[in-house]
Amino acid sequence: MKDILLNFGSPKELEAKRIAEIKSLSYLERLERLMAIIEVSYTIKTAKIIQSKKR
């Protein structure tokens, strides 16, 4: 992957850059990103449940 750079600009410009980046990815790369988001979401969800059970 490329080095991560901070982007400064208007929200419309940043959104256009993200859309262009996603369109340039292959199907497999898009799927990998989606699976990573799902995994993080699940981890956060289960962490909140575990934390509330401790109290």
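Let's start with glutamate 21, which is partly exposed, with a relative accessible area of 36%. This residue belongs to a predicted model, and its side chain meets that of arginine 33 in a salt bridge. The protein chain around them has 2 helices and 0 strands. Here is a short tour, topic by topic.

**The chain as a whole**
- The protein chain has 55 residues, and 4% of them count as buried.
- Its accessible surface comes to about 5800 Å², and carbon and sulfur atoms account for 63% of that area.

**The salt bridge**
- A search of the whole structure turns up 1 salt bridge.
- Its partners are glutamate 21 and arginine 33, with a distance of 2.9 Å from N to O.
- The pair links distant parts of the chain: glutamate 21 sits in helix 1 (residues 11-24) and arginine 33 in helix 2, 12 residues apart.
- Arginine 33 has a relative accessible area of 34%, so this residue counts as partly exposed.

**Leucine 25, in the loop**
- Between helix 1 and helix 2 there is a loop, and leucine 25 lies in it.
- Is leucine 25 buried or exposed? Leucine 25 is buried, because its relative accessible area is 17% and the cut-off for buried is under 20%.
- Setting aside neighbours within four places in sequence, leucine 25 is in contact with Arg30 and Arg33.

**Isoleucine 22, in helix 1**
- Isoleucine 22 is part of helix 1.
- With a relative accessibility of 42%, isoleucine 22 counts as partly exposed.
- Which residues does isoleucine 22 touch, not counting those up to four places away in sequence? They are Arg30 and Arg33.
- From C-alpha to C-alpha, isoleucine 22 and arginine 33 are 9.8 Å apart in space, while in sequence they are 11 residues apart.

**A nonpolar patch on the surface**
- Six names are worth finding in the structure here: Tyr27, Leu28, Leu31, Leu34, Met35 and Ile38 form a nonpolar patch on the surface.
- Together, the residues of this patch have about 630 Å² of accessible area.
- One of them, isoleucine 38, lies in helix 2, which covers residues 27-54.
- Why does isoleucine 38 count as partly exposed? Its relative accessibility is 45%, and partly exposed residues fall between the cut-offs of 20% and 50%.

**Where to look again**
- Arginine 33 is a handy landmark: this residue forms the salt bridge with glutamate 21, is in contact with leucine 25 and is touched by isoleucine 22.
- Arg30 also appears twice, in contact with leucine 25 and with isoleucine 22.

Methods. Residues are numbered from 1 along each chain as its sequence is written. This is a predicted model: local features need pLDDT of at least 70, side-chain atom pairs count only at pLDDT 80 or more; totals for chains, interfaces and linings use all residues. Side-chain values use heavy atoms; hydrogens and water are left out. Patches are made of residues with over 30% relative accessible area and no salt bridge: like charges are joined within 9 Å, nonpolar side chains (Val, Leu, Ile, Met, Phe, Trp, Tyr) within 5 Å. Accessible areas come from the Shrake-Rupley method with a 1.4 Å probe; for residues, only the protein chains shown count as cover. A salt bridge is a side-chain nitrogen of Lys or Arg within 4 Å of a carboxyl oxygen of Asp or Glu. Helices (H or I, at least four residues) and strands (E, at least two) are DSSP runs, numbered from the N terminus. Buried means under 20% relative accessible area, exposed over 50%, partly exposed in between (1.4 Å probe, protein chains only). Contact means heavy atoms within 4.5 Å.
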